[in-house]
Amino acid sequence: MNYSPESRGIIRLPSLEYGRSVLGAPLLYYPCKSECKLLVMAGIHGEEPETTFLLSRVLRAFDEPFDSIAFILCANPDGAALGTRGNANGVDLNRNFKTQNFSTEKVGSRSILEAPRDTLLLPGAFAGSEPETQALVALIEKLKPASVLAMHAPIACVDAPQKTSLVEGVMNAFNLPWLPDIGYKTPGSFGTWCGERNLECVTLELPRMSLEHLFDRYGRAFAEFLERFVSR
């Protein structure tokens with residue numbers, strides 16, 4: 001881990017392109033050196049830039065790729081650039097996966113956590129309709145990670161159906177409670193897609209917090225968690 005002033009400004013890990021977004025932005029990931037045991041993914045919702053920010057700050061502390069952890073800094077670059085939850089087609093990518101419960105009903109989301117679901121997005125014309133979704137599925141089929149850590153915000157919990165060692169590690173690193181169920185239906189979600197393939201998906205919901213405070217509170221703990229995961 002290297003948090004020197006010279007290292008803080010840029011990610012030095014090599015990246016590869018795994019596809020293109022609706023608007024043609026490159027979809028990038030940071031591969032690991034050997035067998036992928038964990039894929040960490042941020043930014044599938046463009047309105048949750050704190051996930052990309054925190055992961056970026058953490059990755060800047062490392063000089064070389066991880067042995068067994070790969071990373072996606074932003075799975076929805078068009079949404080991040082436009083400041084929208086969905087992609088450039090207005091599709092909530094986290095409802096666009098080919099699952100048994102995929103639905104073409106519009107997806108409600110909240111402008112703020114306490115508000116009613118006052119924003120409607122599309123789940124896509126059909127399951128897996130979006131290039132970002134197709135590329136992510138292809139990447140996971142290529143990497144074959146044992147587990148995925150999907151970063152979201154701002155519910156402040158670790159959401160996973162079972163309290164595995166990965167869940168406990170994330171809980172300890174972020175001092176957040178475990179929820180076996182997020183409490184509302186998520187048809188076509190990435191987590192459901194993983195579950196139907198027996199792929200462990202742990203959803204890290206960061207708390208509502210400013211970017212500076214997120215890094216101050218979780219930056220080093222997140223980096224140390226990644227180091228422990230590789231060495232276990």
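User: Before we get going, what counts as buried here?

Analyst: Buried means under 20% relative accessible area. Also, keep in mind that this is a predicted model.

User: Okay, so is Asp159 buried or exposed?

Analyst: Asp159 has a relative accessible area of 14%, and the cut-off is under 20%, so Asp159 is buried.

User: Which strand is Asp159 in?

Analyst: Strand 8, which covers residues 155-159.

User: And what is Asp159 in contact with, leaving aside its neighbours within four places in sequence?

Analyst: Asp159 touches Leu179, Pro180, Asp181 and Ile182, plus Cys201, Val202 and Thr203.

User: What about Leu120, where is that relative to Asp159?

Analyst: Leu120 and Asp159 are 39 residues apart along the chain, and 23 Å separates their C-alpha atoms.

User: Switching to helices. Why is helix 4 described as largely enclosed?

Analyst: Helix 4 runs over residues 165-174, and 7 of its 10 residues are buried, so the rest of the structure largely encloses it.

User: Which ones are buried in helix 4?

Analyst: Leu166, Val167, Gly169, Val170, Met171, Ala173 and Phe174.

User: What follows helix 4?

Analyst: Asn175, and its phi is positive, near 55 degrees.

User: How do helix 4 and helix 6 pack?

Analyst: The angle is about 155 degrees, and the axes are 9 Å apart. That makes the two helices, 4 and 6, roughly antiparallel. Their crossing is right-handed.

User: Which residues make that contact?

Analyst: Helix 4 puts in Leu166, Gly169, Val170, Ala173 and Phe174, while helix 6 brings Tyr218, Ala221, Phe222, Phe225, Arg228 and Phe229. By class, the contact of helix 4 with helix 6 has 9 nonpolar, 1 polar and 1 charged residues.

User: Now helix 1 and helix 6, what's the angle there?

Analyst: Helix 1 (residues 49-59) packs on helix 6 (residues 211-231) at about 50 degrees, with 9 Å between the axes. Helix 1 and helix 6 are therefore oblique to each other, and the crossing of this pair is right-handed.

User: Which residues of helix 1 and helix 6 meet?

Analyst: From helix 1 there are Glu50, Phe53, Leu54, Leu55, Arg57 and Val58, and they meet Leu211, Leu214, Phe215, Tyr218, Gly219, Phe222, Ala223 and Leu226 of helix 6. The contact of helix 1 with helix 6 splits into 11 nonpolar, 1 polar and 2 charged residues.

User: Last one: what does UniProt annotate over residues 1-232?

Analyst: The unreviewed UniProt entry has "domain: Peptidase M14" over residues 1-232. That span is 29% helix and 19% strand, with its end C-alpha atoms 17 Å apart.

Notes. Residues numbered from 1 in each chain as written. Predicted model: local features only at pLDDT ≥ 70, side-chain atom pairs only at ≥ 80, totals over all residues. Heavy atoms only, no water. UniProt positions renumbered as here; feature names shortened; annotations may be inferred. Buried < 20%, exposed > 50% of the residue type's maximum accessible area, 1.4 Å probe, protein only. Axes fitted to C-alpha atoms, helices over the stretch in contact; angles between N-to-C directions. Parallel < 35°, antiparallel > 145°, perpendicular 65-115°, else oblique. Left-handed = near helix turned anticlockwise from the far one by under 90°. Contact = heavy atoms within 4.5 Å. Nonpolar A, V, L, I, M, F, W, Y, C, P; charged D, E, K, R; others polar.
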